[in-house]
Amino acid sequence: MNTATATKIEAILYLKGKPLSLGEIAEYAACDRATVEEGIIELMDNYAHREGALEVVETPAGYSLQLRPDFHELVQTLIPVELGLGALRTLAAIALNSPILQSDLINLRGSGVYQHVPELVELGFIRKRRDNESRSYSLQVTPKFHQYFQIEQLPQILAQNEKEQQLELELETGE
């Protein structure tokens, strides 16, 4: 294996900061998938023997260069995200209903959403885009949300009528 290729793959994983498929890595590295597979194996082996803070892992979404789980508490200590309870509840509502129109979120959570959404966008937890079919914005969680909260994928745990019942309960209790 060409160490220069493995180093190039390492740089791609670092710069992209998210899981990439073999095909995506091959495209960025301008090489074939077999070469990428060899490079990934070499990188994984090198990182395993370094016993450093980083590792190359395979996730359902692809390969990723990330901090070892042993250091997640350190991240929380050094880079804590200060979110108020209202902003956390708004973020949870967006995550569970992603994508959701801002107008629907306001109906669900109240006018505090107008303060929470810009904060959540600035922190990189949600993406806000103009919806083509309405005058509202479409809101959805970003890969940073999944990475920060260590959630690969949110389960679709509530059936539609259960969601409606939950929304009615929240509206009644004023949460």
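This note goes through a predicted model, one element or residue at a time.

1. **Helix H3, dimensions.** Helix H3 covers residues 33-50, 18 residues in total. From its first C-alpha to its last it reaches 25 Å. That is close to the 26 Å expected at 1.5 Å a residue.

2. **Helix H3, buried face.** Val36, Gly39, Ile40, Glu42, Leu43 and Tyr47 are buried in H3. Seen down the axis of H3, the buried residues fall within an arc of 165°, so they line one face of the helix. Note that Glu42 is among the buried residues. On the other side of H3, Ile41, Ala48 and His49 are exposed.

3. **Helix H3, what covers it.** The cover over the buried residues of H3 includes two helices, H1 (3-16) and H2 (22-29). It also includes two strands, S1 (54-59) and S2 (62-67).

4. **Helix H3, the two ends.** At the start of H3, look at aspartate 32. One of its side-chain oxygens comes to within 3.2 Å of the backbone nitrogen of alanine 34. Past the other end, look at glutamate 51. This residue sits just after H3 and has a positive phi of about 55°.

5. **Threonine 5.** This residue belongs to helix H1. Its relative accessibility is 15%, under the 20% cut-off, so threonine 5 counts as buried. Leaving out residues up to four places away in sequence, threonine 5 touches Cys31 and Thr35. Thr35 falls within the residue range of H3, 33-50. H1 is also among the elements that cover the buried residues of H3.

6. **Phenylalanine 71.** Phenylalanine 71 lies in the loop between S2 and helix H4 (72-78). With a relative accessibility of 28%, phenylalanine 71 counts as partly exposed. Its contacts, not counting residues up to four places away in sequence, are Gly52 and Ala53. Its C-alpha is 9.2 Å from that of leucine 54. In sequence, phenylalanine 71 and leucine 54 are 17 residues apart.

7. **Helices H5 and H7.** H5 spans residues 85-97 and H7 spans residues 113-122. Their axes come within 9 Å and cross at roughly 75°. The two helices are therefore roughly perpendicular to each other. On the H5 side, the residues that meet H7 are Gly86, Ala87, Thr90, Leu91 and Ile94. On the H7 side, they are Val113, His116, Glu119 and Leu120.

8. **Isoleucine 100.** Isoleucine 100 is in strand S3, residues 100-101. It is buried, with a relative accessible area of 9%. Setting aside residues up to four places away in sequence, isoleucine 100 touches Ile94, Leu105, Tyr137, Ser138 and Leu139. Ile94 also takes part in the meeting of H5 with H7. The C-alpha atoms of isoleucine 100 and tyrosine 137 are 8.3 Å apart. Along the chain, these two residues are separated by 37 residues.

9. **Serine 138.** Serine 138 is in strand S5, residues 137-141. Serine 138 is buried too, at a relative accessible area of 17%. Neighbours within four places in sequence aside, its contacts include Pro99, Ile100 and Leu101. Arg127, Lys128, Arg129 and Asp131 are also in contact with serine 138. The contact with isoleucine 100 ties this point to the previous one.

How values were computed: Residues are numbered from 1 along each chain as its sequence is written. This is a predicted model: local features need pLDDT of at least 70, side-chain atom pairs count only at pLDDT 80 or more; totals for chains, interfaces and linings use all residues. Side-chain values use heavy atoms; hydrogens and water are left out. Helices (H or I, at least four residues) and strands (E, at least two) are DSSP runs, numbered from the N terminus. Buried means under 20% relative accessible area, exposed over 50%, partly exposed in between (1.4 Å probe, protein chains only). Contact means heavy atoms within 4.5 Å. The expected span of a helix is 1.5 Å times one less than its number of residues. The arc is that of the directions from the helix axis to the C-beta atoms. A polar contact is a pair of N or O atoms within 3.5 Å; within protein, one must be able to donate a hydrogen and the other to accept it, and residues adjacent in sequence count only if both atoms are side-chain atoms. Axes are lines fitted to C-alpha atoms, for helices over the stretch in contact, and angles run from 0 to 180 degrees between N-to-C directions. Angles under 35 degrees count as roughly parallel, over 145 as roughly antiparallel, 65 to 115 as roughly perpendicular and the rest as oblique.
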